[in-house]
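I opened this entry to look up contacts between chains, salt bridges and a few helices. My notes follow in the order I checked things.

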Amino acid sequence: MRSMALTNERIQERLVEKFGDQLTGFEEPYGLLTFIAPKALNLKILQFLYDDAELGFRFLTTLCAVHYPDMPGNQLAIVYHLHNLKDNVRIRFKVFTPVSEPDIFTATNLYATANWMERETYDFFGVNFVGHPNLKRILNVDEMDYFPMLKQYPLEDGTRIDKDDAMFGR
Amino acid sequence: MARPVQYNVKNEGGKPIQVVDSPAGYGGEGFFTAKLSDVVGLARKNSLWPLPFATSCCGIEFMATMGSHYDLARFGAERVGFSPRQCDLLMVMGTIAKKMGPVLRQVYLQMAEPRWVLSMGACASSGGIFDTYSVLQGIDQIIPVDVYIPGCPPRPEAVLDGFMKIQDLVGKESIRRRTGEKYKELMESYGIQ
Amino acid sequence: MAELLHPHVKLPEGSIEKQTTTLNLGPTHPATHGVMQNILELDGERIVSAEQTIGYIHRAFEKLAEHRPLYQITTLTDRMNYCSSPINNMGWHLTCEKLLKVKTPKRVDYLRIIIMELARISDHLICNSIVGVDSGAYTGFLYVMQYRELIYEIYEEICGSRLTTNIGRIGGFERNFTATAFNKLEKFLDEYPRVLTEFEHLFTRNRIFMERTQGTGAISAERALNYGFTGPNLRAAGVDYDVRVHTPYSSYEDLAFTVPVGSTGDNYDRFLVRNEEMRQSLSLITQAYRKVQEFKGAEADVYHADVPEYYLPSKQDVYTKMEALIWHFKIIMGETEIPVGEVYQSVEGGNGELGFYLISDGGRNPYRLHFRRPCFIYYQAYSELTKGAMLSDAIMTMSSLNLIAGELDS
């Protein structure tokens, strides 16, 4: 059994100790420690969480983005979910970026799994991962010229002519 | 002529059994005349070689149909091929995304006449529940389809029913269909030479 | 592995210009794996590099989920890993229950375990028999398909559908399990262990199968973790990470089972791990079934949590009772209270950790729903797994990884 269980408070303590007040928004929705970091620090945080012997978050569970069109300057949130397999603790952190300059440092050098996750995020939201070895569309058609998951784009294909708006409740 | 079949020939007990009739024709001792299209249709429909173009969940139901419980091999479709050059029936099973559309069209173009297309499942027939920007809303937008099987996924019995409808179409097809005017117009409406 | 073991012909230096051939494997390829494309660079029969293209069945689940209410998203989750759809359904219901703070009764949990483990057996059966088909042995596949039909009959009895089950509701099940369902389950539990043993006898010590699968597609535990592998592929590499043990959900902590772990992470280990997991699933089903049978009287009629705000009432009640009608109306029109917040819930799917990251803004539809799909994550490693391998080994690796196209492209 573990000598001292890694608790959310301890993780928060260590993070604040290392990064100070650059990390904000500490909360624990449904038991998962979540915080917000400035986008320039994302690699440093990932590296710190990886290398530190006590924290040891060495598994990137998932990486995705969320579009908040109503938050000027912070429209895109990139969310990292990490997992410490030994102590069975999960953590989530977000970095925000404006949709006009969505440049984020890539995590592929640290986690090989981030390769396709970042390609998917680029494909859906247009986030430009700086330093990614192969940043091109992965799921959508290569010739697509817009990023479909952004909130302003519709779900359906606009070229259908046989759909009756009245029957579809529009 | 002595029949090799020994069971179910006399229908004792009046059970409903169907005995397959020979095609309409005139026969005598040692000869039988019938329409060429009937005989050719009979031969073709009982030995169709399907190409299972399985993309998603309907592909798994197709695997169940090919299994021993719902055996598709009873209908002569035991030899499934994956090369379009050797197959008669293109069974499109599953959602076709816009990325996959050109691939499907290329496979269809590589098939030799006579060829039939069976669209299995709601996604292949009309886009199904995926009314999105990336899904082709029905394969009949790119290739001509003969039989549509609705369902999500259709039960194996429904697949067999659709297959039997294809067999009907194959059996009754006129020999001159593929060289006629209407067929040419159909192909041109899809942009196929 | 990359050197020739028995060079028969030695050609003088520089007599042949070495060129690699490009082979396009997919997106339509035999052996019903689903649509994915691999562009291989071959040097003779050795693979120099592989590049994967996916997205041939991209159906935009994540965008669709933003336009559908919570109970309609279950149908979307069905179609991700369609070989084991009940596990996806249950994972989604667990996510909703975590968001809505709904606690399910024990009986519901045990019934869920039965369904999820049946789905796991169904998924591993397909994977292992297809590994057999790809190595040329068709018998195993046809033989075990018969028992997948038995599992389908059990699903049919409970929810009406065979493959894309849409089973369960937020808080439980839509109807109680009938006696027929339990009879079919008992029949399955009686007959299947012997069939699994026969299936193992066909393959496990089969010389040809062992030669084809041992040593190919191997990956070390560190690389597997770095690539984000989970599920049987990771366990075959030697790491015993199983979401059912680490973060137990749906009362898995009440039942005892072992997690099989391999050593080298090659195709043979993956095959063996999946076979052993099927045995563990059988043991889990038996234990859960016994626990379900212990509920007597009124408790045996409990099949959902008592949450009228989120659980769609049964049709008889909707047509006869006023309350049920009002709740039905409120749930469908989206006037029940859905809390604002974000939740991440994961379940052990057939391929690994299937995660749901749900951000709710209080409305009827989620604000954002992200699926952590295990197939998508471990398929990246395919180019590393097949470097230097022969073409036939590449095919075996692809089938033993259990790539399901619906889960690969969302």
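**Entry 1: a salt bridge between chains**

I started with E120(A) and R373(C), whose side chains meet in a salt bridge at 3.3 Å, N to O. The rule I used for a salt bridge is a side-chain nitrogen of Lys or Arg within 4 Å of a carboxyl oxygen of Asp or Glu. This pair crosses between chains: E120(A) sits in helix α3 of chain A, and R373(C) in the loop between β6 (368-372) and α14 (374-379) of chain C. Element names follow DSSP runs, numbered from the N terminus, with helices (H or I) of at least four residues and strands (E) of at least two. Buried or exposed? I checked E120(A) and R373(C), and both are buried. The cut-offs are under 20% relative accessible area for buried, over 50% for exposed and partly exposed in between, with a 1.4 Å probe and protein chains only.

I note that this is a predicted model, where local features need pLDDT of at least 70, side-chain atom pairs count only at pLDDT 80 or more, and totals for chains, interfaces and linings use all residues. Residues are numbered from 1 along each chain as its sequence is written, chains are lettered from A and ligands numbered from 1 in the order in which they are written, and side-chain values use heavy atoms, leaving out hydrogens and water.

**Entry 2: chain A against chain C**

I counted contacts next, meaning heavy atoms within 4.5 Å. Here 45 residues of chain A touch 43 residues of chain C. The buried area is about 3,700 Å², and carbon and sulfur atoms give 58% of it. That area is the accessible area (1.4 Å probe) that two parts lose on being put together, summed over both. On the chain A side, Y30(A), W116(A) and L155(A) lose the most area to chain C, together 23% of what that side buries.

I then ran the salt-bridge rule across this interface and found 6. One more pair I looked up is E66(C) with K151(A), at 3.1 Å, N to O. There are 25 residue pairs in polar contact, both residues at pLDDT 80 or more. A polar contact is a pair of N or O atoms within 3.5 Å; within protein, one must be able to donate a hydrogen and the other to accept it, and residues adjacent in sequence count only if both atoms are side-chain atoms.

Which elements give two or more residues to the side of chain A that touches chain C? They are β3 (59-67), β4 (76-84), β5 (89-97) and α3 (114-125) of chain A. β3(A) gives the most, with 8 residues. By class, that side has 28 nonpolar, 10 polar and 7 charged residues. The classes: Ala, Val, Leu, Ile, Met, Phe, Trp, Tyr, Cys and Pro are nonpolar; Asp, Glu, Lys and Arg are charged; the others, Gly among them, are polar.

**Entry 3: chain B against chain C**

I repeated the lookup for chain B. Here 30 residues of chain B are in contact with 39 residues of chain C. The two chains bury about 2,900 Å² between them, with 68% of it on carbon and sulfur atoms. The rule finds 2 salt bridges across this interface. I looked up R155(B) with E156(C), where the closest N and O atoms are 2.2 Å apart. Polar contacts come to 10 residue pairs, both at pLDDT 80 or more. On the chain B side, β3 (50-54) and α2 (57-66) each give two or more residues. α2(B) gives the most, with 6. The side divides into 19 nonpolar, 8 polar and 3 charged residues.

**Entry 4: salt bridges inside chain C**

Over all chains I count 40 salt bridges. In chain C, R235(C) and E277(C) meet at 2.7 Å, N to O. R235(C) lies in helix α9 (residues 232-236) and E277(C) in helix α11, so the pair ties together parts that are 42 residues apart in sequence. R235(C) is buried at 0% relative accessibility, and E277(C) is buried at 2%. Shared partners join E117(C), R120(C), R235(C), D242(C), R244(C), E277(C) and E348(C) into one salt-bridge network.

**Entry 5: helix α4 of chain C**

I checked the length of α4(C), residues 106-134. At 1.5 Å a residue, its 29 residues should span 42 Å, and the end C-alpha atoms are 42 Å apart, which agrees. The expected span is 1.5 Å times one less than the number of residues. In α4(C), 27 of the 29 residues are buried.
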